[in-house]
Amino acid sequence: MQKKVLNVSYDRELGPILIGHCFWERLNFSTILSDCGFNKTQIKTAQISLLNRLIAQDSEHSIISWLQTVAIEEIVGLDVSLCGDDRFYRISDKLLKNRDYIEEKLYQREKDLFSLEDSIFLYDLTNTYFEGVCAKNPKAQYNGNQKEKRTDCPQVVVALVLDGDGFIRRHRIFNGKMTDVKSLDKILIALEDDFKDKPMPTIIFDRGMVSDDNLKLLNKYDNLKYILMCRPNEDQFLHQDFHNQQFSLLEGRDRKPKVEIFLKEVDDAVYLLCKSEGRKAKETAMRNKAEERLEAELTNLSNQIQKGRENNPVNIERRIGKFKERHSKVAKYYEIKYQHREFSYTVPDDIGIAKRFSNSLKKLKDKADKDEISFPALGKKLTEFNQKYTSDYLKTNIHLKKPTLTWAIIDEIQDKGKKLDGNYLLKTNRKGLKQAEIWNLYVMLTRIENAFRDLKSYLGLRPNYHQKEQRVDGHIFISILAYHLLHSIEHTLRQKGDHSRWATIRRLVSTHNYSTIQLPTTKGTVINVRKPGIPEAVHINVYNKLGIDYKNLPIKKNLA
């Protein structure tokens with residue numbers, strides 16, 4: 001063999017594909033899809049769709065070009081030259097058709113694999129917006145409360161139910177105008193069906209879900225337990241307790257902001273009063289920023305009034321009302337007053353003035369009364385009268401007062417608000433819990449926030465470029481399924497004491513490739529050896545923690 005002409009070619013990314021494939025097998029995806037009637041080719045196509053969403057987040061059309069860069073043929077065993085983008089659209093439709101069965105079996109597999117308990121569920125909503133009008137999707141609706149501030153785009157709302165370890169139990173897709181408080185009923189009906197013969201779980205959600213109707217709804221389920229954060233102002237009857245009770249320090253937060261808690265039972269509910277230094281700093285900064293924005297808008301309006309750009313008192317009061325609405329959390333601390341300009345004149349009875357000057361004053365007064373002239377223009381006109389009719393002007397008693405917009409902080413109300421910074425109230429109907437247990441259960445909601453971030457940032461949940469309802473729902477479902485892979489990977493790492501996120505792991509192993517080594521022989525033929533590269537220490541460290549078999553990957557040889 002002529003070693004000096006050895007070539008290496010056809011490099012394909014291996015690391016992320018290998019990890020994704022191993023967890024696909026570990027979660028029994030192939031068996032679950034086979035039970036749904038998927039054939040072997042369809043199962044492999046579904047795997048490619050999920051792996052792409054986990055790794056690259058391409059559109060169905062762009063998956064084809066992505067396949068030319070990764071080791072799909074070697075790991076999945078599908079000839080990528082036979083793939084067309086219509087294959088991935090069809091597999092999305094078929095996955096969506098079997099959504100409920102797949103979601104149920106997948107979660108049961110995760111329960112067995114990771115020894116999960118379904119006694120705690122977390123519930124919250126997010127949304128995904130669309131580029132385009134989505135005229136063929138009745139769920140796609142515009143919403144002024146769009147969380148990404150893309151009010152110019154229609155959206156749908158995605159509801160997630162997670163268990164206490166952050167695994168998705170189920171998801172639902174609602175129309176874009178669905179609010180947090182209106183969605184709970186549908187989810188509770190589904191949970192009741194899941195827990196027919198066993199106790200209902202404890203459901204945890206934030207104050208966005210809380211309403212009088214939802215509280216009545218929760219009480220309809222005798223065996224349903226909940227932990228929630230009370231709405232603003234709902235804690236008024238406990239204000240004295242916040243100031244006078246002896247709070248205890250929450251333990252185990254040595255390097256984190258201090259949290260103090262106090263437990264109080266009222267009727268059939270248990271309330272946990274909480275004081276958080278971290279939350280106080282955040283709320284103080286938010287209030288200061290809101291005050292700056294309100295005062296900046298008031299200053300701008302005041303300048304417009306003084307320069308005569310805003311003259312109509314009705315419009316001015318309307319704008320002030322909008323300021324108060326936009327900055328409602330801090331506007332209550334302010335006393336805002338607008339005093340419209342004043343203009344009048346009187347001529348002593350025993351003194352006569354020129355008729356032309358008198359008529360000019362009447363016309364000017366009429367314009368002023370109708371707000372057809374600004375204050376600067378009014379002052380300029382009077383100056384002209386003074387110059388033109390000096391003697392008559394001096395005989396006339398003219399009253400002119402400029403318009404003023406003033407604002408001042410009501411210290412008493414603001415100080416009362418400052419004292420409540422960092423305070424919040426949790427409520428539960430589980431009376432057997434200790435105060436620290438209630439708090440620790442509630443903060444599990446950060447896991448659903450992490451899930452939303454993963455779905456939006458790493459799994460292509462938004463934006464959504466599909467236009468038809470079925471394709472939109474299928475796109476979301478594939479992102480949900482890819483999350484099962486992602487969270488299983490991260491959960492396995494955490495069990496090994498490694499808290500790295502998938503984005504970091506993907507970057508670390510992306511340099512591990514499959515390659516073809518070309519070995520020319522003295523007889524003129526070329527031996528092609530298709531094999532994985534030698535993993536580096538950083539690759540081996542990740543593979544070992546995840547239990548990935550990287551030593552027995554397929555090697556192919558052929559003569560050319």
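## Exercises on helix packing and burial

Just after helix α22, G547 adopts a positive phi of about 70°. Keep that spot in view, and keep in mind that this is a predicted model.

**Exercise 1. Work out which residues of α22 are buried and how they are arranged around the axis.**

Start with the helix itself, which spans residues 537-546. Its buried residues are H539, V542, Y543 and L546. Now look down the axis: these buried residues fall within an arc of 95°, so they line one face of α22. Finally, check what sits on top of them. The cover includes α1, α20 and α21 (502-509).

**Exercise 2. Do the same for α9, and say what the opposite face carries.**

Helix α9 runs over residues 212-220, and its buried residues are N214, L215, L217 and L218. They take up an arc of only 160° around the axis, which puts them on the same side of α9. Flip to the face turned away from that buried side and you find the exposed residues D213, K216, N219 and K220.

**Exercise 3. Describe how α1 packs against α3.**

As a reminder, a pair of packed helices is described by the angle between the axes and the distance between them. Here, α1 (residues 15-26) and α3 (residues 40-55) have axes that come within 10 Å and cross at roughly 125°. That makes α1 oblique to α3, because the angle falls outside the 65 to 115 degrees of a roughly perpendicular pair and is not over 145. The handedness of this crossing is right-handed.

Next, the residues. From α1 come P16, I17, G20, H21 and W24, and they meet I43, A46, Q47, L50, L51, L54 and I55 of α3. Sorted by class, the contact has nine nonpolar residues, three polar and no charged.

**Exercise 4. Repeat the analysis for α6 and α20.**

The axes of α6 (residues 85-97) and α20 come within 9 Å, with a crossing angle of roughly 80°. With 65 to 115 degrees as the window, that makes α6 roughly perpendicular to α20. On the α6 side, the contact uses Y89, S92, D93, L95 and L96; on the α20 side, Q470, R471, D473, G474, H475, F477, I478 and L481. The class count is six nonpolar, four polar and three charged residues.

**Exercise 5. Take S479 and L485: in which helix do they lie, and are they buried or exposed?**

S479 lies in α20 (residues 469-495), and L485 is placed in α20 too. The cut-off for buried is under 20% relative accessible area. S479 is at 0%, so it counts as buried; L485, at 0%, counts as buried as well.

Now list the neighbours, skipping residues up to four places away in sequence. S479 touches R53, L455, L459, G460 and L461. L485 touches G20, F23, W24, L27, F29, L50 and L54. For a sense of how the chain folds back, L485 and A46 are 439 residues apart along the chain, yet their C-alpha atoms are separated by 13 Å.

**Exercise 6. Place F38 and find what surrounds it.**

F38 belongs to the loop between α2 (29-35) and α3. Its relative accessible area is 5%, so F38 is buried. Leaving aside neighbours within four places in sequence, F38 is in contact with L33, I43, I91, K94, L95 and N98. As for K427, it is 389 residues from F38 along the chain, and the C-alpha atoms of the two are separated by 46 Å.

How values were computed
Residues numbered from 1 in each chain as written. Predicted model: local features only at pLDDT ≥ 70, side-chain atom pairs only at ≥ 80, totals over all residues. Heavy atoms only, no water. Axes fitted to C-alpha atoms, helices over the stretch in contact; angles between N-to-C directions. Helix = DSSP H or I, 4+ residues; strand = E, 2+ residues; numbered from the N terminus. Parallel < 35°, antiparallel > 145°, perpendicular 65-115°, else oblique. Left-handed = near helix turned anticlockwise from the far one by under 90°. Contact = heavy atoms within 4.5 Å. Nonpolar A, V, L, I, M, F, W, Y, C, P; charged D, E, K, R; others polar. Buried < 20%, exposed > 50% of the residue type's maximum accessible area, 1.4 Å probe, protein only. Arc of directions from axis to C-beta.
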